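Dear colleague,

Please find below the structure that I am handing over to you. My findings follow directly after it.

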Amino acid sequence: MDCIGFQQSSFTHTFINSKPSNFTLNNAPFIYRHNRSINNPLKLTSTCCAVGLSSGESSSSPAINFGTVEAEITQETTDFFSSDAEGDPDRPSSGYSSIEQALVALRQENFVIVVDDGEREDDNDEGSIVMAASHVSSKAIAFMVKHGSGIVSVGMKDDDLERLKLPLMSPENDDDGSSSAPSFTITVDAKAGTSTGVSASDRAKTVLALASSESRADDFVRPGHVFPLKYKNGGVLRRAGPTEASVDLVTLAGLRPVSVLSAVVDSEDGSIASMAVLQNLATKHSIPIVSITDLIRYRRKREKLVERSAISSMPTKWGLFQAHCYRSKLDGTEHIAIVKGEIGNGQDVLVRVHSECLTGDIFGSRRCDCGSQLDLAMQLIEQEKRGVLVYLTGHEGRGIGLGHKLEAYNLQDQGHDTVEANIELGFAADAREYGIGAQILHDIGVHTMRLMTNNPAKYTGLKGYGLAVVGRVPVLTPITEDNKRYLETKRTKMGHIYGSDLKIPITEFVRELPDL
């Protein structure tokens, strides 16, 4: 096995290196280092074990390893990977109204603009016009249609949807309750007092009927022109989306937990409205504008959705750790946090939030890099003598479940990549959420962290939990013939950041190496 190290000029990399080590990094695109035991020239030494293999372990699959971290972890960027963990959770972010101002507006039958989390990969912070569904009028619907996408949605909780017999358009998306995509039900129009159902007046009557606790299933025509959305139990603490934010806000305002919302678009070209457009709309019409991140902070200050049920010492092949079992108050799912050392003041903690992967973590599937990442993360935490690995169950196949993941494997064998396979099965490309993991970290006492990840999505909403990412530690594991397309797809389609992010395809790095 050879090790590989390289640099990418477009952004700073931090590498971890086992000590002692002969690993060097120069200005060449990449360099090979042979590092073999004196007694056994073909046996890997501890230098390579920090880049994805256990000490002394060999791989029968051709692979190239990447160089990894030194003990000193440097901050990779200032803006994208950092967040402010200080301050009063009720204090609004700069440029936003407070949550309390939004609640007052909703009680007074006015609009609120809700802005999606500010840690999105692009520059557009999607905003939605929101109102309590029980306060809607034809004038309000006309305003939403004028400034919004034209689609009028109604956020509803599961008990109301069941009472009105409104099933999801794609039930598979909600099988495990962890999908990060909006959950649309079949569309409806109210029967009484409406004509075609498309006018502002007709849609207002439909929204009011959906908001009424007295309505029955046979009060509606299906399909229609109003789009009910299923609210995820736990709200923004479970999914940081506009549906959950809108229902959370009207609930906190003391109103019936049914919202009406529409995404704001730019009137010039129909694109998602920029922050400048949202702020102009808010100023012109005296509408409070709030951030979902601020709403998460507001709720987290008042609620706790996980509880620690047990702690035990756990000797492992990497070293001695403490295992903390957490149970979700939302659905009873159990998760585990593996803790090394004293967390103390919670500053600068080495952290890995790992999604369950039975096939990779337990059976060593070579289709993915999950098992190698888990092994590497545990090695690095043991080496650091202080850190946390949160293992989130229910994330199998990026949130689609074990059976569906195996179906996706079959599609991949037919030529689909990992993203296309999930979509073909009716799921989002990535249906995971990390709110529970953030609450677990907060409960353990973590405040600032060096996060071991290649996935920018794991940063979403962290500000709302009082956590700050002060550095990113790449989790670089072997590229093999079995996983090279999977890793390339995650890089090109899902924004994953690898040390291998050079200006040539990932296949250029794969070399046939002699069997060890």
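After helix α6 comes G254, a residue with a positive phi near 85 degrees. This angle, like every value in this message, is taken from a predicted model. Helix α6 itself is mostly covered, with nine of its 11 residues buried. The buried set consists of P242, T243, E244, A245, S246, V247, D248, L249 and V250. It therefore includes the acidic residues E244 and D248 along with nonpolar ones such as V247 and L249.

One of these residues, D248, is also a contact of R299. R299 belongs to helix α8, which spans residues 292-302. Is R299 buried or exposed? With a relative accessible area of 7%, R299 is buried, because the cut-off for that class is under 20%. Leaving aside residues up to four places away in sequence, R299 touches Y231, G234, G235, V236, L237, D248 and L252. Its side chain reaches the backbone oxygen of G234 at 2.8 Å. Between R299 and L252, which are 47 residues apart along the chain, the C-alpha separation is 9.4 Å.

Nonpolar cores

L249, listed above among the buried residues of α6, is also one of the residues with the most contacts inside the largest nonpolar core. That core has 47 residues, and the others in this group are V351, V388, I440, L441 and V446. For V351, the contacts beyond four places in sequence are V388, L441, V446, M449, R450, L451 and M452. V388, L441 and V446 thus appear both as contacts of V351 and among the residues with the most contacts in the core. A second core, separate from the one just described, has 37 residues, including I141, M275, I287 and I289.

Salt bridges

Side chains of opposite charge can pair when their charged atoms come close. How many salt bridges does a search of the whole structure find? The search returns 15, and three of particular interest to me are set out here.

The first is formed by D160 and R256, whose closest N and O atoms are 2.8 Å apart. This pair links distant parts of the chain: D160 sits in helix α4 (residues 158-163), while R256 sits in the loop between α6 (242-252) and β9 (259-263), 96 residues away. D160 counts as buried because its relative accessibility is 7%, whereas R256, at 26%, counts as partly exposed.

K317 and D375 form another salt bridge, with 3.9 Å between the closest N and O atoms. Here too the pair links distant parts of the chain, 58 residues apart: K317 is in the loop between β11 (306-315) and β12 (320-328), and D375 is in helix α10 (residues 370-384). K317 is exposed, at a relative accessible area of 66%, but D375 is buried, at 8%. Salt bridges with shared partners also join D160, R163 and R256 into one network.

The remaining example joins the side chains of R216 and D218, at 3.7 Å from N to O. R216 counts as exposed at 52% relative accessibility, and D218 is partly exposed at 44%.

Surface

Which residues form a nonpolar patch on the surface? They are L358, I362, F363, L402 and L406, which together have about 480 Å² of accessible area. The elements that give two or more residues to this patch are α9 (358-362) and α12 (402-413). L406 is located in helix α12 and is partly exposed, with a relative accessible area of 41%. An α-helix has 3.6 residues a turn, so residues three or four places apart point the same way.

The chain as a whole

The chain exposes about 21,400 Å², and carbon and sulfur atoms supply 50% of that area. Of its 516 residues, 55% are buried. The secondary structure comprises 15 helices and 18 strands. Among contacts with a separation of 6 or more, 71% are between residues 24 or more positions apart.

Yours sincerely

Definitions and conventions:
Residues numbered from 1 in each chain as written. Predicted model: local features only at pLDDT ≥ 70, side-chain atom pairs only at ≥ 80, totals over all residues. Heavy atoms only, no water. Core = buried A, V, L, I, M, F, W, Y, C linked by side-chain atoms within 4.5 Å. Buried < 20%, exposed > 50% of the residue type's maximum accessible area, 1.4 Å probe, protein only. Contact = heavy atoms within 4.5 Å. Salt bridge = Lys/Arg side-chain N within 4 Å of Asp/Glu carboxyl O. Helix = DSSP H or I, 4+ residues; strand = E, 2+ residues; numbered from the N terminus. Areas by Shrake-Rupley, 256 points an atom, 1.4 Å probe, with all protein chains shown as cover. Polar contact = N/O pair within 3.5 Å; in protein donor to acceptor, adjacent residues only side chain to side chain. Patch = residues over 30% accessible without salt bridge, like charges linked within 9 Å, V, L, I, M, F, W, Y side chains within 5 Å.
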